[in-house]
Amino acid sequence: MINRLSKSIRQYRKVSLLAPFFVTLEVIMEVLVPTIMAYLIDNGINKGDMNAIGRIGFILIIACILSLIFGVLSGKYAAEASTGFAANLRKDMFYRVQDFSFANIDKFSSSSIVTRLTTDITNLQNAYQMIVRVAVRCPVMLVFALIMAFNVNHKLALVFLSAIPILGVGIFFIMKNAHPVFEKVFKMYDSLNLVVQENLRGMRVVKSFVREDFEEKKFKNVSKDIYDNSTKAEKLLMFNMPLMQFAMYGCILLISWFGAKLILTDSMTTGELMSMFSYATQILMSLMMFSMVFVMVTMSRASAERISEILDEESTLKNNSHPVFDVRDGSVDFENVFFSYSDTDSAPVLNNISLSIKSGDTIGIIGGTGSSKSSLVQLIPRLFDVTGGTVRVGGVDVRDYDIETLRDAVSMVLQKNELFSGTIKDNIRWGDENASDKDIERVCKLAQAHEFIKDFPDGYDTYIEQGGSNVSGGQKQRLCIARALLKKPKILILDDSTSAVDTKTDSLIRRAFAEEIPDTTKIIIAQRISSVQDSDKIIILENGHIDSMGTHSELMETSDIYRELYYSQMKGGEE
Ligand SMILES: Nc1ncnc2c1ncn2[C@@H]1O[C@H](COP(=O)(O)OP(=O)(O)OP(=O)(O)O)[C@@H](O)[C@H]1O
Ligand SMILES: [Mg+2]
């Protein structure tokens, strides 16, 4: 895990090393100060030698100034290193997530990915700053101060050695119990994000169903869970401070006791005793800081694990080692295709599907809700991989294509389509960044969107709010179709994409398709028979298998389901 994460340090390696370097220099200066002080007291003050006081005092000031400068430098580099590391990590994670398939995203859930990209990274950033600065400072300080203390009086220095194991055991006990609680808290942040995200995205639905109270309660529950568990974790960490204080004052008491005796027998000077107090503080403070670093590292270990999980996640869809970069034509073949969303599903969502679509044909797919229409077409641009059998586009297995090549050739308007904040032009350019204004107008005319766009005061520069909340459902659908057309795809898939468009406009769209893009294979999922009636072939799906297939007139003769649907829709169900 540490290897994986340290790859993100990259250009900040240098500052990550400079920070501990200056910390070490700072500590050396700090450790020298008490000894210089002792010297000042014994040789200057006690002897009343003003000359010596001036000389030693000057050295003291220099040491303090140097320590200050090194401290500032180490702080600056530590801040640069940790923020840079966090920025790199965020970038690496974000890029990784862009590669994720739908299945990968479903596995983590988008709210959890958001927490990992924000809260977890911040935790790690703080921990990293601690590591390059404080985690270096403490052991260096501990070692140097101990050496100096032993130098001054080795018997008295033994007092410190007895305090260290007591502290060590205490800190270990605290950490061991705190880690699992922190892990739990982070999982709860996921739930909190889920509640907030869902609520904000679905605000209109929440309001129209008057569910604010319910949503508030949901939020309160998650928030309270976080509160309870965080308190529990903090309660454990709380013992850290008193434990340290106990050890510190215990040491000072012991040193005073033994020190006083040593001074009385003339085996120690007052200056030396003073420096021992300073070293006691330095040693125990560095131990305390070290235990705080431990706390931070414990807290961030859970975060680090969650970040590594994302960085280590392999996309379930990967390019073949020798991918095909050319899609010959828009033909589609399914051969004994089985598909389930997860290994644990009992019955497959698609059951032994075989069909063949000629390039340039128009295919209609109808079937009840949940009959797997969307699941079937998602296999063509390889949004998911088949569980069994093969899907071919242009005669080549979709798994053999370069994914980008395939998705450029297969344009799909998803059932849950999405517009992004930006102008209409920006949104349509998603299909092709380099498209000219003329291209954009052409596809909007094809999708019957030109008319209403023209009527907006800002025309094609009209600003679309996030999620397309300021255009109507039918307008949004037509913009999504235009966007899909801009790629000049070989296969165009519309998954229930004209459901909110009136029948007249719907038929105009179909006529424009037939006239303007005759070579593109068009696969249209619809609830209305009129939307698929004049297709070259209509496929009726039922419970994940093909019930029947044929032209409108063939199906009228052979399929009961089709006939029933037709009469119920065309003649108000009188037959
Ligand atoms: N991402 C998913 N993960 C797990 N199961 C899913 C997922 N998407 C769909 N399903 C399941 O697959 C089955 C087929 O769903 P699908 O969306 O293909 O139906 P559909 O025919 O498109 O329905 P509709 O007309 O309502 O759009 C359903 O039982 C559904 O519960
Ligand atoms: Mg569907």
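A polar contact here is a pair of N or O atoms within 3.5 Å; within protein, one must be able to donate a hydrogen and the other to accept it, and residues adjacent in sequence count only if both atoms are side-chain atoms. Helices (H or I, at least four residues) and strands (E, at least two) are DSSP runs, numbered from the N terminus.

This is a predicted model, where local features need pLDDT of at least 70, side-chain atom pairs count only at pLDDT 80 or more, and totals for chains, interfaces and linings use all residues. Residues are numbered from 1 along each chain as its sequence is written, chains are lettered from A and ligands numbered from 1 in the order in which they are written, and side-chain values use heavy atoms, with hydrogens and water left out.

I start with helix α3, residues 50–99. At its start, a side-chain oxygen of D49 comes within 3.1 Å of the backbone nitrogen of N51. The expected span of a helix is 1.5 Å times one less than its number of residues. For the 50 residues of α3 that gives 74 Å, and the end C-alpha atoms are 73 Å apart, which agrees.

Next, ligand 1. It is surrounded by 13 residues, each with a heavy atom within 4 Å of it. The closest are G370, K373, S374, S375 and Q415. Helix α12, residues 373–378, gives the most to this shell, with 3 residues.

Which residues make polar contacts with ligand 1? Among them are three serines: an oxygen atom of the ligand is 2.5 Å from a side-chain N or O atom of S375, one is 2.7 Å from a side-chain N or O atom of S374, and one is 2.9 Å from a polar backbone atom of S372. The protein covers 61% of the 630 Å² of accessible area that ligand 1 has on its own (Shrake-Rupley method, 1.4 Å probe; for residues, only the protein chains shown count as cover).

Now the magnesium ion, ligand 2. Its protein donors are S374 (OG) and Q415 (OE1), at 1.9 to 2.1 Å. Donors are N, O and S atoms within 2.8 Å of the metal (3.2 Å for Na, K and Ca); water is not among the atoms, so sites may look incomplete. S374 sits in helix α12 and Q415 in the loop between β6 (410–413) and β7 (422–423), 41 residues apart.

Are these donors buried or exposed? S374 is buried, at 18% relative accessible area, while Q415 is partly exposed, at 44%. Buried means under 20%, exposed over 50%, partly exposed in between (1.4 Å probe, protein chains only).
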